[in-house]
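Dear colleague,

I am passing on the structure we spoke about, with my notes on it placed underneath. Please look through the structure first and then read the notes alongside it.

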Amino acid sequence: MGGSMFYVGKKAITKKFNFSNVIGKEDLPGYIRHYIHEDETILVAYKTERDHATFTDKKVVLFDNYSRFGMRKQIYSISYKSISAVAITFEKTKAEMNIILDNGYHVYLRFADVLPEDKVRLRILYTCINRISSNQEPLKEDIKRLLDNNFKIKNK
């Protein structure tokens, strides 16, 4: 469920996270809010049994809680401006966002048990991140949908 890291020598080159549930902004643990600046807006948050990912309008904050010789927590704050490329892949019930940072590191965010509404949310989130990392403004309607949690699928 949590992250795993791969090393070349002693240098981490890849970080992987797995998420399964969207959580409401009001349900975020208090400690997470300490890493979000007052001028940032929380767009969406995810969790597993022990990890969290919080996407704002400026960055993603990843909380990797793991137990190895006692409880440990690693916190990653990734500014969208430090992203050189981002890709998203959808499968039937899974999705994966691959983030490549300017320093060459890769961060993989895997989302399990995704429903059609979750895919819409992730597509919109991906579009916002891609626009911000390319020095463009995200579309106002995309931000509004993320904030309103509005991802109803229209029947055809």
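**Salt bridges and overall make-up**

Aspartate 118 and arginine 121 both sit in helix H2 (residues 116-133), where three residues, or about one turn of the helix, separate them. Please keep in mind that this is a predicted model, and that what follows should be read in that light. The side chains of aspartate 118 and arginine 121 form a salt bridge, with an N to O distance of 2.8 Å, and both aspartate 118 and arginine 121 are buried.

A second pair within a helix is made by lysine 144 and aspartate 148, whose side chains meet in a salt bridge at 2.6 Å, N to O. Lysine 144 and aspartate 148 are four residues apart in helix H3 (residues 140-148), so about one helical turn lies between them. As for their surroundings, lysine 144 has a relative accessible area of 52% and is therefore classed as exposed, the cut-off being over 50%, whereas aspartate 148, with a relative accessible area of 44%, is partly exposed.

Which residue forms a salt bridge with arginine 110? The partner is glutamate 96, and the closest N and O atoms of the two are 2.6 Å apart. This pair links distant parts of the chain, since arginine 110 belongs to strand S10 (residues 106-112) and glutamate 96 to strand S9 (residues 94-101), with their positions 14 residues apart in the numbering. Arginine 110 has a relative accessible area of 31% and glutamate 96 one of 23%, so both count as partly exposed, which is the class between under 20% and over 50%. The three pairs described here are among the salt bridges of the model, for which the count comes to six.

Turning to the chain as a whole, the protein chain contains three helices and ten strands, and, read along the sequence, these elements follow the pattern β-β-β-α-β-β-β-β-β-β-β-α-α. Of the 156 residues in the protein chain, 39% are buried. Among the contacts in the protein chain with a separation of 6 or more, 42% come from residues that are 24 or more positions apart. The protein chain exposes about 9,300 Å², and carbon and sulfur atoms supply 51% of that area.

With best regards

Notes: Residues numbered from 1 in each chain as written. Predicted model: local features only at pLDDT ≥ 70, side-chain atom pairs only at ≥ 80, totals over all residues. Heavy atoms only, no water. Helix = DSSP H or I, 4+ residues; strand = E, 2+ residues; numbered from the N terminus. Buried < 20%, exposed > 50% of the residue type's maximum accessible area, 1.4 Å probe, protein only. Contact = heavy atoms within 4.5 Å. Areas by Shrake-Rupley, 256 points an atom, 1.4 Å probe, with all protein chains shown as cover. Salt bridge = Lys/Arg side-chain N within 4 Å of Asp/Glu carboxyl O.
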